Every structure is written in C-alpha cells, then in structure tokens.
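Work through the following exercises with the sequence and the model side by side. Each one sets a task and is followed by a solution that proceeds step by step.

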Amino acid sequence: MKKPQMRAAPRQASSPLTDLSPNDVGLLVQHHMAHSSGNLHDVARWHMDDNVWNYIGYNYWIAFDGTIYKCRGFKQGAHVSNHNHYTYGIGYQGHFGSQNMTEEQLESGIILNAWLAQECGLSADEIVGHGDVAASACPERNFRMSELKDGVEAALEKGVSASELNAKIVYDGNDVKGFVEDGRTYVQLRNLADLVGVQIDYDNDTKEITFDGKVVDPIVIEGRSYLPVREVAEDIGLSVDWDQDSRTVLLK
Ligand SMILES: [Zn+2]
C-alpha cells in the first residue's frame with residue numbers, strides 16, 4: 001500500500017513538535033469538528049490562536065471533498081488528553097451530529113487509515129472514535145465508523161499477495177520474486193540483499209535502514225520492506241536490464 005496523496009496544512013508549528021513513531025502508535029482516533037462548515041484554516045485559528053497550541057492538534061485532516069491534509073504527521077498530536085502519546089488523530093470537516101459524512105470523506109478515511117494501520121502494524125480493530133477513549137460525543141452518530149473499518153480491513157487484506165509477485169529478479173544464476181507497479185519492479189529488501197550479497201542494517205535510534213551503507217526509504221507492505229530494484233541496484237554499481245516477455249530484471 002502506497003502513501004496516499006496529501007496536501008500540506010496551513011501555517012507552521014510555532015515551536016518544535018515531539019516525534020511519535022508509527023511503531024509507538026496503538027490507536028487511530030477519529031474526530032469530527034463539531035462545526036458544520038469550519039475548514040482547516042478555521043481549525044488552525046481555533047487551535048493556534050484561541051487555544052494557543054503550537055500547531056493544529058490533528059495528525060491528519062480530511063475535508064468534505066476528500067482532500068487529505070497532513071498536519072502533524074508522525075509527530076505527537078493534541079487531540080485527546082492523556083492519550084496523545086500513543087495515538088494519531090484524524091479530523092474530518094463537519095458536524096456529524098447534524099450532517100452527513102460525505103462519500104469522499106469515507107473513501108479518503110479508508111485510504112488514510114489503511115495506510116496508517118499498515119505503517120503502525122495495526123488492524124482495523126484499532127480504529128476508534130474520540131468518544132471510545134474519552135468522555136466525548138465526538139465523532140457523533142453520523143460518522144460512518146463500521147463502513148470505515150470494513151474498508152480498512154479489506155484494504156489491509158489485499159496487501160501484496162503471492163499471486164501479485166509476478167516478476168523475477170535474476171543475479172548470478174539465482175533469482176527472487178518481485179512485483180511490478182507503475183512501470184517499476186519492486187523487490188523485498190531482504191531478498192535483494194541476500195541475492196546480491198549486500199548487508200542491511202537497521203538503526204534502532206534513528207530508525208534508519210541502510211543498504212550497503214546507504215540510507216534507503218522502503219515502502220512497507222504487510223510488515224515487509226520493498227524498494228524499486230533499478231534504483232538500489234544502480235546505487236551499488238550493478239547494471240540493470242528488463243526483459244518484458246519473461247518479466248525479468250537481469251542484474252549484472
Ligand atoms: Zn474529537
């Protein structure tokens with residue numbers, strides 16, 4: 001599952017925010033705005049000017065038209081007292097006690113929560129409403145929680161199945177499987193390292209992964225790290241050929 005498209009939220013944090021790694025997140029908490037029309041500029045005003053917080057309290061925010069905004073991202077939020085240190089908060093435009101959550105919001109909510117669940121190693125069971133962890137009516141009765149959770153569950157199950165591993169990466173007479181997406185062949189980092197005899201290291205403090213001493217930024221699918229073969233292989237000085245008929249990447 002790829003990172004969803006998102007836009008930057010308005011304004012900047014007025015002081016540094018605290019990191020909150022996906023590894024340390026146990027719940028994804030959904031919120032409405034308890035306001036029928038307030039947009040993210042209004043939310044920024046409420047949180048930063050009225051409450052005098054250093055930034056918009058949510059980690060992500062979804063407008064009526066389904067646009068996803070990154071607010072705090074992987075920094076600690078300010079969205080539910082005493083629970084901010086292990087949760088990401090997702091805000092949705094609207095008042096779901098008196099109006100409906102839009103189709104676009106549901107769809108983007110599924111895409112965003114599925115991606116976050118994957119990054120945090122969570123299931124759809126760890127998607128909750130504000131009122132599930134604190135005394136609050138938020139996100140109110142018209143928040144489409146069961147549809148959201150069903151959608152996330154389906155998206156997580158999809159992941160990358162064995163049948164989707166439809167490409168082959170060959171080096172020195174041995175091969176491993178990969179998959180093709182958007183014209184690029186992806187391979188599991190561990191498999192590629194074994195194939196070409198290169199070392200992977202994981203730094204527990206910085207959370208950085210290095211492949212042959214170079215920092216890489218893999219996509220994670222069902223807890224496994226994948227990288228585009230061409231980029232990584234060329235980085236370590238291998239030549240890369242693609243045979244379309246046999247869907248094979250030849251490394252030399
Ligand atoms: Zn709330």
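**Setting the scene**

The chain holds 6 helices and 16 strands, where helices (H or I, at least four residues) and strands (E, at least two) are DSSP runs numbered from the N terminus. This is a predicted model, in which local features need pLDDT of at least 70 and side-chain atom pairs count only at pLDDT 80 or more, while totals for chains, interfaces and linings use all residues. Residues are numbered from 1 along each chain as its sequence is written.

**Exercise 1. Describe the chain as a whole, from its extent to its domains.**

Step 1: the C-alpha trace spans about 65 × 35 × 25 Å along its principal axes. Step 2: of the 252 residues, 31% count as buried; a residue is buried if 20 or more other C-beta atoms, placed from the backbone, lie within 10 Å of its own, exposed if 12 or fewer, and partly exposed in between. Step 3: the domain assignment, which is automatic or from a database, gives domain 1 (7-158) and domain 2 (163-251), and the centres of the two, taken over C-alpha atoms, are separated by 33 Å.

**Exercise 2. Determine which residues of helix 1 are buried, and why they line one face.**

Step 1: in helix 1 (residues 40-50), the buried residues are L40, V43 and H47. Step 2: seen down the helix axis, these buried residues fall within an arc of 55°, so they line one face of helix 1; the arc is that of the directions from the helix axis to the C-beta atoms. Step 3: the general background is that an α-helix has 3.6 residues a turn, so residues three or four places apart point the same way. Step 4: H41, D49 and D50 are exposed on the other side of helix 1. Step 5: the buried residues of helix 1 pack against strand 3 (60-62), strand 4 (68-70) and strand 5 (87-92), with contact meaning that the C-beta atoms of two residues, placed from the backbone, lie within 7 Å.

**Exercise 3. Identify the pairing partners of strand 2 and the residues opposite L28.**

Step 1: strand 2 (residues 27-32) is mostly covered, since 5 of its 6 residues are buried. Step 2: strand 2 pairs with strand 5 in the parallel sense over 6 bridges, and two strands pair if DSSP finds at least two bridges between them. Step 3: strand 2 also pairs in the parallel sense with strand 6 (residues 127-129), over 3 bridges. Step 4: L28 stands opposite Y88 in strand 5 and opposite I127 in strand 6.

**Exercise 4. Lay out the open sheet of 7 strands and the helix that packs on it.**

Step 1: the strand order is 13-14-9-8-7-16-15, with mixed pairing. Step 2: strand 13 (219-221) and strand 15 (240-243) stand at the edges with a single partner strand each, so one side of each is left without a neighbour in the sheet. Step 3: strand 7 (residues 167-171) and strand 16 (residues 248-251) pair in the parallel sense over 4 bridges, and the bridge partner of K168 in strand 16 is T248. Step 4: helix 5 (residues 189-196) packs on the sheet, touching strands that include strand 7 and strand 14 (224-228), and its direction makes about 85° with that of strand 9 (184-188); axes are lines fitted to C-alpha atoms, for helices over the stretch in contact, and angles run from 0 to 180 degrees between N-to-C directions.
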